[in-house]
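Student: Could you take me through one part of this model up close, the helix packing toward the start of the chain, and then place it in the rest of the fold? I'd like the cut-offs spelled out as you go.

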Amino acid sequence: MEDEASSRDHVGSLERGLAVMEILARYPAGMTLTEMAEEAGLTRAGARRFLLTLVATGYATQSGRLFSLSPRLLTVARTWLGGASLWTFAAPIMREVAAQFDEACNAAVLSGEDVVYVARIPGRRILSVALDVGTRLPAYCTSMGRVLLSGLNAGEMKALLADAKIERRTPKTIVRRDLLAKAVQQAETDGFAIVDEELELGLRSIAVPISDRTGQVVAAINVSTQSARFSVEAMQREILPVLRKAKQRVEEFFFV
């Protein structure tokens, strides 16, 4: 019965019209009616109706025998993109990461000497640190902070470390500024950072940077877990490859 209902609700003509738009998008120089009919698997009469409807509604233009998409589609896309943040669209990618390890996957940006959480997919396991979108944590002792700091130039990094309030959160927290600088440099060299119980005992995390098309680090994503669940070696072996694939998907989707 469900299949029958779905079939009744399915608008085949709309589906074919959207397919015509997708085909036009692949041919920015334009297509003839005959070329569209062949590419879309339509009759010439059917292709003509779809193309002329797109022209009439402003989604396509006609120049002689050639049909092309119009800028109106870009306006629709901008409206859609403007209504939600990048991380709304990245959430499904992060959700896959979280589900694979049954752990939290988070995203953050740098704000002064802190990281600010901009997205969070919680894991099933409860961590004692209360985290949510908008949460601020010190950059110097968090994995996302280390990779975000690695995107700063030498002058910015030196100034930030000189002014930052650095305190020992646990016995493992690195508080010497020269050692912190080395840890950030290592994160830049490795392309990831692991912070092992420096923010809180029992909490371990691994992060990778998100870069824009110019190569500038603009954000970070991580997986955070209880230290009893994953050793540092296991995080590198099991979680890091998955995070790197997620990073690539986010960058390709938004910045390429």
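Tutor: Here is the helix packing, followed by a few other spots along the chain. Bear in mind that this is a predicted model, with local features taken at pLDDT of at least 70, side-chain atom pairs at pLDDT 80 or more, and totals for chains, interfaces and linings over all residues. Residues are numbered from 1 along each chain as its sequence is written, and side-chain values use heavy atoms, without hydrogens or water.

Some context to begin with. The protein chain has 10 helices and eight strands, where helices are DSSP runs of H or I with at least four residues, strands are runs of E with at least two, and both are numbered from the N terminus. Of its 256 residues, 42% are buried; buried means under 20% relative accessible area, exposed means over 50%, and partly exposed is in between, using a 1.4 Å probe and protein chains only. Among contacts with a separation of 6 or more in the protein chain, 56% join residues 24 or more positions apart, a contact being heavy atoms within 4.5 Å.

Now the close look. Two packed helices are described by the angle between their axes and the distance between the axes. The axes are lines fitted to C-alpha atoms, for helices over the stretch in contact, and the angles run from 0 to 180 degrees between N-to-C directions. Helix α2 (residues 12-25) packs on helix α3 (residues 33-40) at about 115°, with the axes 10 Å apart. The crossing of α2 and α3 is right-handed; in that convention the near helix is turned clockwise from the far one by less than a right angle, while anticlockwise would be left-handed. On the α2 side the contact uses Val20, Ile23 and Leu24, and on the α3 side Met36, Glu39 and Ala40. Sorted by type, the residues of this α2 with α3 contact are five nonpolar, no polar and one charged. For that sorting, Ala, Val, Leu, Ile, Met, Phe, Trp, Tyr, Cys and Pro are nonpolar, Asp, Glu, Lys and Arg are charged, and the others, Gly among them, are polar.

Next along is α4 (residues 44-56), whose axis comes within 9 Å of that of α3, with a crossing of roughly 105°. That makes α3 roughly perpendicular to α4, since 65 to 115 degrees counts as roughly perpendicular, under 35 as roughly parallel, over 145 as roughly antiparallel and the rest as oblique. Here α3 brings Leu33, Thr34, Met36 and Ala37, and α4 brings Arg44, Ala47, Arg48 and Leu51. The α3 with α4 contact divides into five nonpolar, one polar and two charged residues.

Leu51, in helix α4, is worth zooming in on. Leu51 is buried, at 0% relative accessible area. Setting aside neighbours within four places in sequence, Leu51 touches Val20, Leu24, Leu33, Met36 and Phe67. Leu51 and Thr61 are 10 residues apart in sequence, with 8.9 Å from C-alpha to C-alpha.

Then there's Ser68, in strand β2 (residues 66-69). Ser68 counts as buried at 14% relative accessibility. Outside four places in sequence, Ser68 is in contact with Leu24, Pro28, Ala29, Gly30, Tyr59, Ala60 and Thr61.

Further down the chain is another helix pair. Helix α8 (residues 154-163) and helix α9 (residues 177-190) pack at about 140°, with axes 11 Å apart, and are therefore oblique to each other. Their crossing is right-handed. Met157, Leu161 and Ala162 of α8 meet Arg177, Leu180, Ala181 and Val184 of α9, giving six nonpolar, no polar and one charged residue.

Backbone angles next. Most residues other than glycine have a negative phi. Asp102 has a positive phi near 60°; it lies in the loop between α6 (86-101) and β3 (104-111) and is partly exposed at 22%. Glu197 also has a positive phi, about 60°. Glu197 is located in the loop between β6 (193-196) and β7 (203-211), and is buried at 12%.

Last, the cysteines. Cys105 is buried at 0% relative accessible area, and Cys141 is buried at 1%. The disulfide count is zero, with a disulfide taken as a pair of cysteine sulfur atoms within 2.5 Å.
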